[in-house]
Amino acid sequence: MDLHQSEADGPEDLEDEEGPTAPPIEVLDNVRGYEGTVAGGDGNYIFPPPSDKRERAQPQLEWRIPSITEDAAREALIQFAAAHCCYSSSPARDMVFQDLTPFNMYRYRLETFTESRLTEWRHVPFTGQSVDSIACGSPPLPWDVVVEIPPMFQDSTKKVPVPHTAAVKRCHKCKGRGKYRCSQCGGKGKLKCLLCGSRGVVHRNKRCLQCGGRGMKRCGPCLGRGTRTCHVCKTSGQLLFYIQLTVKWTNNVFEQVADQQIGLPVTLFREVTGQNVFADESYQVYTIVGFPDSLIDQISQQGVQEHQEKFGRTACILQQRQTIELIPVTKVHFQWKGREHSYFVYGTEKNVYAPDYPSKCHCAIL
């Protein structure tokens with residue numbers, strides 16, 4: 001039986017009006033390994049199979065800590081004063097150093113590169129294209145579908161059809177007719193004129209200009225035809241269904257600075273870079289043990305445990321990378337005009353934090 005209805009059939013022959021927006025569940029075949037896959041939405045996340053990757057030996061760690069000189073500390077303060085129009089450069093040029101106290105801060109960063117897969121039924125109008133159905137072979141399981149992995153630690157998404165899951169079905173929207181009766185006018189192609197109340201005349205028996213005195217006007221949604229073209233199947237009456245696999249690669253980042261609470265706001269570290277003193281990359285990294293700053297050991301343990309609990313079961317961990325970045329911080333104590341002052345120099349950029357900088361002028365713009 002031809003799924004298409006003859007063009008001679010009028011809207012009165014279309015017993016059913018507009019069908020459901022989504023295909024009924026019974027329309028979709030239960031493909032083995034894809035039971036419960038839905039149509040549309042965000043799809044069903046598929047848990048990865050257990051990993052058989054082996055652990056490796058914990059690396060030996062070596063630390064090299066740089067230091068700042070008095071000349072560098074002075075130059076940093078000179079540049080700081082020059083960047084503020086109301087700051088005199090005299091304290092920076094004439095100060096006498098009392099002490100340079102290093103407070104080397106560390107930024108720990110853990111990146112966990114994961115892959116997740118979800119499936120959903122998709123459909124396109126069937127116009128005679130080839131159909132990769134189950135007759136062509138058994139569909140591979142979601143995690144057996146071969147998809148090329150993009151560069152590590154970069155977010156990416158790829159969508160591919162699952163082989164051998166395609167099937168041609170009657171369009172659920174128009175019941176295979178390619179069109180459906182307009183629900184706005186009930187297939188009549190006309191609507192009552194609301195301006196004149198379908199009388200054809202308005203105030204003082206003047207002819208209604210909106211309907212031309214007929215009391216009825218053409219139905220806008222169907223353009224007076226009484227039927228509407230099916231936008232789902234594009235008039236073909238048939239749909240090609242297939243299971244779409246969406247593969248998402250995500251670089252999940254855990255980052256934290258070991259705050260020694262020395263009076264320098266931790267938020268300032270977002271503006272500067274440091275020097276990498278340690279980098280470790282593997283399928284699964286070990287927590288840091290024995291670092292000179294014990295806070296890093298604690299932060300590393302927190303980050304590794306958090307990522308393992310968060311992604312260890314719901315996604316496939318492809319690679320992990322952890323780094324420790326030294327952010328050099330020096331608190332400079334100096335004397336100027338008989339008074340003691342201090343400021344911080346931090347980051348490889350040698351930024352300065354000096355909220356109590358001496359010799360500020362309090363000028364106002366009038």
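Which helix and strands do the buried residues of H1 pack against? They pack against helix H2 (90-94) and strands S2 (96-102), S13 (329-336), S14 (339-346) and S15 (351-353). Keep in mind that this is a predicted model, where local features need pLDDT of at least 70, side-chain atom pairs count only at pLDDT 80 or more, and totals for chains, interfaces and linings use all residues. Residues are numbered from 1 along each chain as its sequence is written, and side-chain values use heavy atoms, leaving out hydrogens and water.

**The chain overall**
- You get 3 helices and 15 strands, taken as DSSP runs numbered from the N terminus (helices: H or I, at least four residues; strands: E, at least two).
- Of the 366 residues, 41% are buried, meaning under 20% relative accessible area with a 1.4 Å probe, protein chains only.
- Take contacts (heavy atoms within 4.5 Å) between residues at least 6 apart in sequence: 82% of them join residues at least 24 apart.

**Helix H1**
- H1 covers residues 70-82, 13 in total, and spans 18 Å from first C-alpha to last, close to the 18 Å expected at 1.5 Å a residue; that expectation is 1.5 Å times one less than the number of residues.
- Its buried residues are Ala 72, Ala 73, Ala 76, Leu 77, Ile 78, Phe 80 and Ala 81.

**The four-stranded sheet**
- S2-S13-S14-S15 is the strand order of this open, antiparallel sheet; strands pair if DSSP finds at least two bridges between them.
- S2 and S15 sit at the edges with a single partner strand each, so one side of each has no neighbour in the sheet.
- S13 and S14 pair antiparallel over 8 bridges.
- Glu 340 in S14 is the bridge partner of Gln 335.

How values were computed:
Buried means under 20% relative accessible area, exposed over 50%, partly exposed in between (1.4 Å probe, protein chains only).
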